[in-house]
Amino acid sequence: MLEPILDGSKTIEHQGRFRIQLDISSSSTLKEGDIEKILRASSWEVNPESIAIGSPGGRAISTPREESLEDGGIVLDLLNISGIGYNPLLVVSYNPEFGFKSELMYEEGFQPPSNRNFIDFTPETYRTSYADNGLKHRRGKFCPLGSYTNRQVRKKVENTSLVNSLGLKSLLVPKIEAYGRYLDENLRDEDGQFGFVVYSVPSDKRVAGSELEEEFAEMMGLTESGDPTKVIATLLRKYTKNLMGGLKELHDKGYCHLQGHMGQFYDFPERPYLVDWETMIPLGRTVQDRLLNREIDISKPLSSVWRMMGKSQTSGEEAMEFVNQVKPYLLGDYLGISPDQISKDRRAAMIRLSKGRRGVMVMEDDVSGLVLQKHGIERSPLKKNQAKIGRNDPCPCGSGIKFKKCCGGHK
């Protein structure tokens, strides 16, 4: 028997096509019928498709709960059982402007868990960026297997439990109902057995899939001026305005999600329901890391638009221009101020950075970081007993710029 990840979990072993160990959380709301369904589907005693009413993402099925429950005014009537198999992906086009295969579709037929990678390339929208030691890094190539690795299961379970303990008011997050591991020798790596997680989700309001793409295409088709900035901003803000406020609260608590794209949250007027916390990390040790990780989270919903732009054959150069034009709307919702003010602040930050770093390309991350700092984010005021900082001294915020060109210029 494998050691449970969460204390107090109830353990059940079951043999189907695969042998599994299911650990039920001490706070689980599952009924006996739910548990039986999970055991039979995850072990492939029955084909998971026989109980599924949907397949969110590539490695999950959704199935009705025996009894729905309410959390924060949201009805959770489905179980998401994720990591028990996969939908093979087909590449249907390649966009040279983007440098990666940009249009994908799932083949029909949910396949059993395996140790093979079912995506043989790495679109940028499938990779996770994070900041450390003042630099933006990308995690290794995304190689999704037909199940979750032991490390992934642990991260999903532990991070979800951690974020639930933060007491967030602007975001709803799922609670782990159960998690499991495959005990078969061919479903493991050097870190241990592969596995899966189970949590409850709503049956609607998920911001992803063909409906969003159809709406985007329809709105773009109505734009004859050739400048779709407002179209993109309108569509994004329709779904992300509440998310920005929730992310700010998460950041202020000291953490970042890093993968809040359109497929990861359900949009409700009360507060968004954000799922899949595997990538969550502390916001950062330095001011620069914290600013970078905030900027990464704020910008992540744009990855869904990049993908849709790839489908509409928009060039990479145009796409980046759109991103820069739309960013003020996201920053404005994050800070609770008008996008017009953000645009002015961005222009001022661009000029200041250009003068302070002659001959060095000004990065979008730095521009957004200065805008955030101007509005009080990660900016510590000088204390009365603190030594006076000279105008030509490095700014204490950690930006690496002279004080007069950075926080000292905000007076």
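# Exercises on a predicted model

Let's begin with one residue: Gln152 sits in helix α2, which spans residues 150–164. The model is predicted, so please read every value below as computed from it.

**Exercise 1. Work out whether Gln152 is buried or exposed, and which residues it contacts beyond its sequence neighbours.**

Step 1. Take the relative accessible area of Gln152, which is 17%.

Step 2. Compare it with the cut-off: buried means under 20%. Gln152 is therefore buried.

Step 3. Now set aside neighbours within four places in sequence; Gln152 is then in contact with Arg59, Ser147 and Glu278.

**Exercise 2. Find which residues of helix α1 are buried, and what covers them.**

Step 1. Go along α1, residues 32–42, and pick out the buried positions: Asp34, Ile35, Ile38, Leu39, Ala41 and Ser42.

Step 2. Look for their cover. It includes the strands β1 (10–15), β2 (19–24), β3 (60–71) and β4 (74–82), along with β9 (176–182) and β12 (195–201).

Step 3. Step just past the end of α1, and you meet Trp44 with a positive phi of about 60°.

**Exercise 3. Describe the largest nonpolar core and name the helix that gives the most to it.**

Step 1. This core holds 37 residues, and Val163, Leu250, Trp277 and Leu372 touch the most other members.

Step 2. Sort the core by element: two or more residues come from each of α4 (229–252), α5 (287–299), α7 (316–335), α8 (339–356) and α9 (364–374). With nine residues, α4 gives the most.

Step 3. Zoom in on Leu250. Leaving out neighbours within four places in sequence, its contacts are Val163, Leu166, Leu168, Tyr255, Cys256, His257 and Trp277.

Step 4. Check for a further core. One of 22 residues lies apart from the largest core, and Ile81, Leu145, Ala178 and Phe196 are among its members.

**Exercise 4. Determine how α5 and α9 are arranged, and which residues meet between them.**

Step 1. Two packed helices are described by the angle and the distance between their axes. Here the axes of α5 and α9 come within 9 Å and cross at roughly 105°.

Step 2. Angles from 65 to 115 degrees count as roughly perpendicular, so α5 and α9 are roughly perpendicular to each other.

Step 3. List the partners. From α5 come Val287, Leu291, Leu292, Arg294, Glu295 and Ile298; they meet Glu364, Asp365, Ser368, Gly369, Leu372 and Gln373 of α9.

Step 4. Classify these residues: five are nonpolar, three polar and four charged.

Definitions and conventions: Residues are numbered from 1 along each chain as its sequence is written. This is a predicted model: local features need pLDDT of at least 70, side-chain atom pairs count only at pLDDT 80 or more; totals for chains, interfaces and linings use all residues. Side-chain values use heavy atoms; hydrogens and water are left out. Buried means under 20% relative accessible area, exposed over 50%, partly exposed in between (1.4 Å probe, protein chains only). Helices (H or I, at least four residues) and strands (E, at least two) are DSSP runs, numbered from the N terminus. Contact means heavy atoms within 4.5 Å. A nonpolar core is a set of buried Ala, Val, Leu, Ile, Met, Phe, Trp, Tyr and Cys residues joined through side-chain atoms within 4.5 Å. Axes are lines fitted to C-alpha atoms, for helices over the stretch in contact, and angles run from 0 to 180 degrees between N-to-C directions. Angles under 35 degrees count as roughly parallel, over 145 as roughly antiparallel, 65 to 115 as roughly perpendicular and the rest as oblique. Ala, Val, Leu, Ile, Met, Phe, Trp, Tyr, Cys and Pro count as nonpolar, Asp, Glu, Lys and Arg as charged, and the others, Gly among them, as polar.
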